[in-house]
Amino acid sequence: MLEQLEGSQAIARTVAACRPEVISAYPISPQTHIVEGLSDLVRAGDLAPCEYLMVESEFGAMSACIGASAAGARAYTATASQGLLYMAEALYNASGLGLPIVMTLANRAIGAPINIWNDHSDAMSQRDSGWIQLYAETNQEAADLHVQAFRLAERISLPVMVCMDGFILTHAYEEVDVPSPERVDAYLPPFEPRQVLDPDEPVTIGAMVGPEAFTEVRYLMHAKQLEALDLIPSIAGEFESAFGRRSGGLVRGYRIEDAETVVIALGSVLGTIEEVVDELREQGVRIGALAIKCFRPWPSQEIRAALSDVGRVIVLEKAFAVGAGGIVGQNVRLALGGGARIHDVIGGLGGRPITRRSLRTLLEDVLADRLEPRLLHFLDLDHDVVERELERLRRGGRPGPHAENIVRELGIVAARPH
Amino acid sequence: MAEQPVKHYQVGTFVIGNRLLDPDQRSVQARMERSNTLTSGHRACRGCGEALGARYALDAAMRATGGSVIAANATGCLEVFSTPFPESSWQLPWIHSLFGNAPAVAAGMAAAMKAKGREEVRVVGQAGDGGTVDIGLACLSGMFERNDDVLFICYDNEGYMNTGVQRSGATPPAARTANTKPVGSEPGNAFGQGKSVPLIAMAHEIPYVATATVAELRDLEAKVERAMELRGARYIHAFVPCPLGWGSASEDTIKLARLAKETGLFPVFAAEGGEVTAVSKIRRRTPVVEYLRPQRRFAHLFRPEENREVIDRIQAGADRNIARFGLIDGEGSGDV
Ligand SMILES: Cc1ncc(C[n+]2csc(CCOP(=O)(O)OP(=O)(O)O)c2C)c(N)n1
Ligand code: SF4
Ligand SMILES: [Mg+2]
């Protein structure tokens with residue numbers, strides 16, 4: 001049944017339908033409404049049996065999920081940004097222990113400068129943590145991905161992160177058909193791990209593994225992720241049969257059949273991209289878009305197949321490797337090999353809107369060969385501001401905090417001493 | 001003639017042999033059916049107080065619960081010496097996750113048992129002093145504050161032994177460690193403000209807090225048994241000498257643990273709901289030098305000449321404990 005509701009509420013109710021037995025979370029914008037919603041459901045007795053732990057930190061949140069999952073309970077948490085970094089050590093631990101924890105990541109920038117708005121720096125910072133990363137384009141898809149995530153995680157014994165754009169999705173009200181508990185029950189089998197902490201069969205978990213077996217453990221983690229490349233489409237297919245709609249999968253093309261130019265992106269920005277694609281198509285430009293729904297594991301073959309006849313690729317990403325370049329772009333290069341011309345464009349950092357207008361200007365520049373493909377391009381960058389600060393440094397200027405240096409260069413200084 | 005109460009008293013050890021006790025008062029270790037939770041073959045150093053304490057504590061917990069215990073262990077000596085993959089010395093369900101998160105992992109395990117309706121399965125979390133008083137303190141305090149159904153045991157050997165004997169928040173003043181060497185004008189660890197996690201635990205008013213040493217293992221067992229009678233967050237801080245880190249003889253582990261108590265340096269007590277309920281009195285008051293001298297970590301206090309000033313400061317700390325905890329009748333208020 002379609003309902004008009006906030007994205008976070010849709011996620012809370014969908015997660016509840018997946019019957020987690022332990023939820024452990026720590027508040028951070030823009031994840032808060034999700035965990036508040038779940039707390040309501042647990043307290044009201046609408047989600048039972050379930051223990052909700054109000055932990056003292058994200059490190060504690062992920063650690064409690066680790067304990068719960070190892071003890072055989074379906075465990076869930078949600079976080080964003082600084083919270084994800086605060087649990088980084090436990091993220092690697094959960095994946096290394098093969099614990100199928102599911103987490104919502106309400107994507108948000110990482111400070112400093114502190115910024116609560118959306119980009120993908122948080123998720124990208126943990127791309128090598130061994131977690132599977134799925135990206136939602138809409139709230140409907142975000143909800144559906146959680147149901148699929150539990151199934152995938154428990155099937156393959158790896159944790160799964162469902163990434164949804166903070167505020168843009170979490171706080172947006174739109175129509176969502178929240179998966180009902182009955183249907184989820186039919187789709188998602190109970191969690192029955194092979195080894196749990198149980199006095200009836202005492203096992204040791206988390207022993208110290210030396211050089212003689214460490215490579216094998218890491219290899220298994222990798223091999224399981226690669227197997228997920230087969231599983232994810234089949235789990236999405238079964239989801240479609242059970243729920244009557246397509247959600248998830250590895251990649252999704254939009255008007256790419258005869259496209260010469262394709263824009264690649266992750267998450268909610270695909271909506272805007274598709275509108276601009278439509279506009280350009282009307283003018284006869286052979287352009288399309290490719291949504292990457294699963295970033296880890298990296299669907300290399302699917303991307304290569306989707307882009308086999310494409311001459312030009314624009315990777316629009318909301319995070320980058322400082323001092324190196326695009327992250328998704330680098331992965332796309334890996335998938336495509338030498339063939340296509342690949343433009344890396346960074347946009348939407350710290351919540352800066354990616355508008356139709358700037359996107360259109362960007363694409364027109366690319367189409368007219370006005371954009372140097374070897375350079376990392378920043379959408380809507382204020383060149384004056386950065387040039388002023390760079391020039392100051394070149395003149396031998398003294399160090400200082402970036403943001404505050406900008407302000408100082410403009411002649412605005414801090415409060416006077418009293 | 002009035003009956004005289006029997007005094008079980010052996011000069012020097014203050015410990016009575018099991019044979020003199022009623023069978024049901026005997027140590028868990030004296031029973032055929034002990035569970036050997038930490039069984040032989042592990043790689044602890046000879047005379048390791050932590051291995052001894054962990055075996056007694058967990059076997060007591062197993063006995064108290066009919067073998068229904070699952071454990072979370074922090075990184076540290078206890079974890080490393082017991083589980084060189086693919087071997088394990090643990091004969092109870094056991095997980096190691098990270099250095100600083102054992103209290104939270106244990107809380108998650110307890111939550112899982114509650115959600116599954118298996119509350120007869122009891123959870124023990126354990127860590128060294130580093131994993132408890134330093135890096136694990138936030139998770140531990142959260143676990144206390146929520147009153148999660150976990151018994152947490154700290155095996156305090158007063159330093160980061162696993163990484164090569166560096167100082168921790170529980171390292172005593174003046175002690176030599178790998179990063180507080182006896183060099184400079186104030187040799188050894190600095191005199192700080194100290195950090196008593198038992199008192200911090202009591203400030204949370206959790207159901208049970210106790211301290212114990214491996215010199216009085218029956219007392220440690222009794223405290224674990226008491227802890228397992230209760231629900232909610234419980235904390236036991238066990239004093240476990242480390243021959244390697246302290247530079248003491250392997251055979252002196254028990255002696256040093258006893259001296260730590262008899263000098264007043266390590267007060268042994270129990271508290272329920274934030275109030276002290278029992279204090280182990282000092283049997284024969286001993287000056288701190290007797291405790292300090294056999295340990296190479298304090299050697300610089302005696303060579304080239306005795307450093308009276310520092311020793312007096314350490315003695316003053318012990319005397320303060322004696323007064324504060326009422327470790328000797330008639331000395332001090334005893335109101336912690
Ligand atoms: C986050 C993190 N920091 C540091 C370490 C390194 N480390 C492992 S064990 C340990 C010290 C353990 O000390 P303690 O908890 O007192 O246990 P002990 O070995 O003394 O029994 C340290 C510093 C680590 N494993 N993880
Ligand atoms: S270093 Fe100390 S704590 Fe570690 S095993 Fe040896 S004696 Fe035990
Ligand atoms: Mg220690």
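Modeller: Contact means heavy atoms within 4.5 Å of each other. This is a predicted model: local features need pLDDT of at least 70, side-chain atom pairs count only at pLDDT 80 or more, totals for chains, interfaces and linings use all residues, and side-chain values use heavy atoms, with hydrogens and water left out. Residues are numbered from 1 along each chain as its sequence is written, while chains are lettered from A and ligands numbered from 1 in the order in which they are written.

Colleague: Which residues does Leu307(A) contact, leaving aside its neighbours within four places in sequence?

Modeller: Leu307(A) is among the residues with the most contacts inside the largest nonpolar core. Such a core is a set of buried Ala, Val, Leu, Ile, Met, Phe, Trp, Tyr and Cys residues joined through side-chain atoms within 4.5 Å; buried means under 20% relative accessible area, exposed over 50%, partly exposed in between (1.4 Å probe, protein chains only). With neighbours within four places set aside, the contacts of Leu307(A) are Val262(A), Ile264(A), Leu290(A), Val313(A) and Leu336(A).

Colleague: Which helix gives the most to the largest core?

Modeller: The largest core has 96 residues. Helices (H or I, at least four residues) and strands (E, at least two) are DSSP runs, numbered from the N terminus. With 10 residues, the top contributor is chain B's helix α3 (residues 102-115).

Colleague: Between which domains of chain A does this core lie?

Modeller: Domain bounds come from an automatic or database domain assignment. Two domains of chain A give residues to the core, so it lies between domain 1 (2-243) and domain 2 (251-378).

Colleague: Which residues hold the magnesium ion (ligand 3) as protein donors?

Modeller: Donors are N, O and S atoms within 2.8 Å of the metal (3.2 Å for Na, K and Ca); water is not among the atoms, so sites may look incomplete. Along the chain, the donors follow the spacing D-x27-N-x1-G. At 2.0 to 2.1 Å from the ion lie Asp129(B) (OD), Asn157(B) (OD1) and Gly159(B) (O).

Colleague: Is Tyr155(B) buried or exposed?

Modeller: Tyr155(B) sits in strand β4 (residues 150-156) of chain B. Its contacts beyond four places in sequence include Gly53(B), Leu78(B) and Asp129(B). The relative accessible area of Tyr155(B) is 0%, so this residue is buried.

Colleague: How far apart in space are Tyr155(B) and Gly53(B), C-alpha to C-alpha?

Modeller: In sequence, Tyr155(B) and Gly53(B) are 102 residues apart. In space, their C-alpha atoms are separated by 7.4 Å.
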